[in-house]
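Dear colleague,

I am passing on the structure we spoke about, and I would be glad if you could open it alongside this message. My notes on what I found follow directly below it.

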Amino acid sequence: MTLKKSSHDPFASMFWNSVKKTRFVPIVTLVVLLLTTLLEFVFYINSYYDWNQKRYGHFWDSILNGILLAVPIIVIFGVISGTVLFRFVQSKKQVNVIFSLGLNRRKIFLAKYLGGIVPLAAALAFSATVEILADVISGCIVKFPTIHLALISVAGILGTYTFAFTVAAVSMAFSGNIV
């Protein structure tokens, strides 16, 4: 069996393969957050929104109100992503193929782990930047409270996802042949 393409850096190849396998998480997150931003911005433009009562920007108020609904979904995404990336440890054939790449166990775990977390962090940072720009465009004064709420929201979502992803990844790694 011959491969049509190969990689000089197996760590980077494994990282990008992990990103491809879990790309549904940042895509769904980004779509939901950008749609929320767009809808709130449209409500502001059409004056259906009482903007005088909102001090910190429209998105950050709505995400803090709906965070209880988002937490179970974030946890489910974290568990699914950890399971998808580390299910190879349950199969001796797949473990042999992964170990034949010449990476030690730490690098394999790190490539898979970062491949599951970095895309979501990038999507959250991008959506926070878009929201702050939407606040500036809509006339909201962006000061420390807006940025503080953005950081709290992004850190909360990322922290919850990372915790669930870590628990799933570590449990899969310990139950298989990678640790």
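Leaving aside residues up to four places away in sequence, Leu30 touches Ala123, Phe126 and Ser127. Please keep in mind while reading that this is a predicted model, and that the contacts I list are computed from it. Leu30 itself sits in helix H2, and its C-alpha atom is separated by 9.9 Å from that of Ala128, although the two residues are 98 apart along the chain. With a relative accessibility of 22%, Leu30 counts as partly exposed, because buried would require a value under 20%.

Leu35 also has its place in helix H2, and with a relative accessible area of 46% Leu35 is likewise partly exposed, since the exposed class begins over 50%. Leu35 belongs to a nonpolar surface patch of about 420 Å², which it makes together with Ile27, Val31, Leu38 and Val42.

As for the chain as a whole, there are seven helices and zero strands, so that from the N terminus on the elements run α-α-α-α-α-α-α. Of the 179 residues, 36% are buried, and the accessible surface comes to about 10700 Å², of which 69% belongs to carbon and sulfur atoms. Among contacts between residues at least 6 apart in sequence, 83% join residues at least 24 apart.

Turning to the interior, the largest nonpolar core has 25 residues, and those with the most contacts inside it are Met14, Phe86, Phe88, Ile108, Leu124, Tyr161 and Phe165. At least two residues of this core are supplied by each of helix H2 (24-45), helix H4 (67-86), helix H5 (92-99), helix H6 (105-137) and helix H7 (144-175), while the largest share, seven residues, comes from H6. In soluble globular proteins, nonpolar side chains tend to be buried together.

One residue that I would ask you to look at with some care is Lys112, which lies in helix H6. Lys112 is buried yet has no salt bridge, and the nearest side chain of opposite charge, that of Asp9, is 14 Å away. What does Lys112 touch, if residues up to four places away in sequence are not counted? The residues in question are Met14, Ser18, Lys21, Leu85, Phe86, Phe88 and Phe165, and among them Met14, Phe86, Phe88 and Phe165 are also listed with the most contacts inside the largest nonpolar core.

With best regards

Key. Residues are numbered from 1 along each chain as its sequence is written. This is a predicted model: local features need pLDDT of at least 70, side-chain atom pairs count only at pLDDT 80 or more; totals for chains, interfaces and linings use all residues. Side-chain values use heavy atoms; hydrogens and water are left out. A nonpolar core is a set of buried Ala, Val, Leu, Ile, Met, Phe, Trp, Tyr and Cys residues joined through side-chain atoms within 4.5 Å. Buried means under 20% relative accessible area, exposed over 50%, partly exposed in between (1.4 Å probe, protein chains only). Helices (H or I, at least four residues) and strands (E, at least two) are DSSP runs, numbered from the N terminus. Lys and Arg count as positive and Asp and Glu as negative; His and the chain ends are not counted. A salt bridge is a side-chain nitrogen of Lys or Arg within 4 Å of a carboxyl oxygen of Asp or Glu. Contact means heavy atoms within 4.5 Å. Accessible areas come from the Shrake-Rupley method with a 1.4 Å probe; for residues, only the protein chains shown count as cover. Patches are made of residues with over 30% relative accessible area and no salt bridge: like charges are joined within 9 Å, nonpolar side chains (Val, Leu, Ile, Met, Phe, Trp, Tyr) within 5 Å.
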